[in-house]
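Work through these exercises with the sequence and the model open side by side. Try each task before you read its solution.

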Amino acid sequence: MDRELTEANRRSWNLIVGRREGLPLDHFRTGGTSLEEFERDLAGDVEGRHVVHLACSFGDEVLSWANLGARATGVDISDVAIEAAAERAARTGITADFRCADMLDLPADLTGIDLFYLSWGAICWVPDLTAWATLLAARTKPGGGVLLCDHHPAWEVLAVSAENTLTVAGDYFGREHPNTEQDAAKRPTGTDREVFRPYVWPISDVVMALISAGFRLDTFFEAPEPAIYQGLGRAASALPAYYVVKATRP
């Protein structure tokens, strides 16, 4: 069933890639990045290190890591997204590697990685956290790690229905099945009638999957971002919007 869901998601991603836009290419041509300052700080000096972005979409963050001096690789299940990412890299003149693959079935040569990076809508496409964390531990070099910066699962299951009013649109603990109750605000940008089947993973599940796979938890924090609860009003600043995990393989 997991493979069927993943393949259905891949088909939907292929359909919407052309409706999505990244940052202007001139931003990257002049050395810019799309990364938050705290992401760069947590990653540390990536000069010459191999950074692999899982679920990279059309590659803005991959180009960003490359601009910071990393040997940057992007992996995405959508062949259309990977083609678009490779074209964007070519147009900027930035050297980056892009691979079309399931993040639970990575190419064999992607091993000894310094940093696996996942961001802003990635972990929800993982159907099996244990398999995911175990694979990353096997592919990460000693001293390397994982940096995950993603939407908070509370946001994934809360829908803004009016100012200062929320309704529940999903199950925070619905580990056994994808969330098909999402409101429109949670669907990927560019979605029309395409159907996506993301998972909602409690943060504790994500953290414990990494620890159980042998990673050491270095950083974990949650934060608000009022804009993500569009229409909620002042109460939006009282809710978690995203969380960040940095873990290292000893």
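**Exercise 1. Helix 4**

Find out how far helix 4 (residues 60–67) is enclosed by the rest of the structure. Keep in mind that this is a predicted model.

Solution.
Step 1. List the buried residues of helix 4: Asp60, Glu61, Val62, Leu63, Ser64, Trp65 and Ala66.
Step 2. Set this against the length. Seven of the eight residues are buried, so helix 4 is largely enclosed by the rest of the structure.
Step 3. Look just past the helix. Gly69 follows helix 4 and has a positive phi, near 100°.

**Exercise 2. Two residues with positive phi**

Ser57 and Asn164 both have a positive phi without being glycine. Where does each one lie, and is each one buried or exposed?

Solution.
Step 1. Take Ser57. Its phi is about 55°.
Step 2. Place Ser57: the loop between strand 1 and helix 4 holds this residue.
Step 3. Check its accessibility. The relative accessible area of Ser57 is 18%. Buried means under 20%, so Ser57 is buried.
Step 4. Take Asn164. Its phi is near 65°.
Step 5. Place Asn164: look in the loop between strand 6 (158–162) and strand 7 (165–168).
Step 6. Check again. Asn164 has a relative accessibility of 59%. Exposed means over 50%, so Asn164 counts as exposed.

**Exercise 3. The sheet**

Trace the open sheet from one edge to the other. Which strands stand at the edges?

Solution.
Step 1. Write down the order. Seven strands run 3-2-1-4-5-9-8, with mixed pairing.
Step 2. Read off the ends. Strand 3 (97–100) and strand 8 (216–223) are the edge strands. Each has a single partner strand, so one side of each lacks a neighbour in the sheet.
Step 3. Add the twist. Neighbouring strands are turned against each other by 15° on average, direction ignored.
Step 4. Inspect one edge. Strand 8 pairs with strand 9 in the antiparallel sense, over seven bridges. Ala223 has Tyr242 in strand 9 as its bridge partner.
Step 5. Add helices. Helix 4 packs on the sheet and touches strand 1, strand 2 (71–76), strand 3 and strand 4. The direction of helix 4 makes about 170° with that of strand 2. Helix 5 (residues 79–92) also packs on the sheet, touching strand 2 and strand 3. The direction of helix 5 makes about 170° with that of strand 3.

**Exercise 4. Strand 1**

Describe the surroundings of strand 1: its faces, and its pairing with strand 2 and strand 4.

Solution.
Step 1. Sort the faces. His50, Val52 and Leu54 lie on one side, Val51 and His53 on the other, and all are buried.
Step 2. Draw the conclusion. Five of the five residues are buried, so strand 1 is largely enclosed by the rest of the structure.
Step 3. Go to strand 2. Strand 1 pairs with it in the parallel sense over five bridges. Val52 has Thr73 of strand 2 as a bridge partner.
Step 4. Go to strand 4. It runs parallel to strand 1, joined by three bridges. Here Val51 is matched with its bridge partner Leu115.
Step 5. Name the unit. Strand 1, helix 4 and strand 2 form a right-handed β-α-β unit.

**Exercise 5. The largest nonpolar core**

Which residues have the most contacts inside the largest nonpolar core? Which element gives the most to this core?

Solution.
Step 1. Name the residues. In this core of 33 residues, they are Leu54, Ile123 and Trp132.
Step 2. List the elements that give two or more residues: strand 1 (50–54), strand 4 (113–119), helix 6 (129–139), strand 5 (140–151), helix 8 (203–212) and strand 9 (242–248).
Step 3. Pick the top giver. Helix 6 gives six residues, the most.
Step 4. Zoom in on Leu54. Beyond its neighbours within four places in sequence, Leu54 is in contact with several residues, including Val75, Phe116, Trp132 and Leu136.
Step 5. Look elsewhere. Another core, of 29 residues, lies apart from this one; among its members are Cys56, Trp65, Ala70 and Leu147.

**Exercise 6. Helix 1**

Compare the expected span of helix 1 (residues 2–16) with the distance between its end C-alpha atoms.

Solution.
Step 1. Work out the expected span. At 1.5 Å a residue, the 15 residues should span 21 Å.
Step 2. Compare. The end C-alpha atoms are 21 Å apart, which agrees.
Step 3. Find the packing partner. The buried residues of helix 1, among them Leu5, Ala8 and Trp13, pack against helix 5.

How values were computed
Residues are numbered from 1 along each chain as its sequence is written. This is a predicted model: local features need pLDDT of at least 70, side-chain atom pairs count only at pLDDT 80 or more; totals for chains, interfaces and linings use all residues. Side-chain values use heavy atoms; hydrogens and water are left out. A nonpolar core is a set of buried Ala, Val, Leu, Ile, Met, Phe, Trp, Tyr and Cys residues joined through side-chain atoms within 4.5 Å. Buried means under 20% relative accessible area, exposed over 50%, partly exposed in between (1.4 Å probe, protein chains only). Helices (H or I, at least four residues) and strands (E, at least two) are DSSP runs, numbered from the N terminus. Contact means heavy atoms within 4.5 Å. Two strands pair if DSSP finds at least two bridges between them. Axes are lines fitted to C-alpha atoms, for helices over the stretch in contact, and angles run from 0 to 180 degrees between N-to-C directions. The expected span of a helix is 1.5 Å times one less than its number of residues. A crossover is right-handed if, with the strands pointing away from the viewer, the path from the first strand over the helix to the second runs clockwise.
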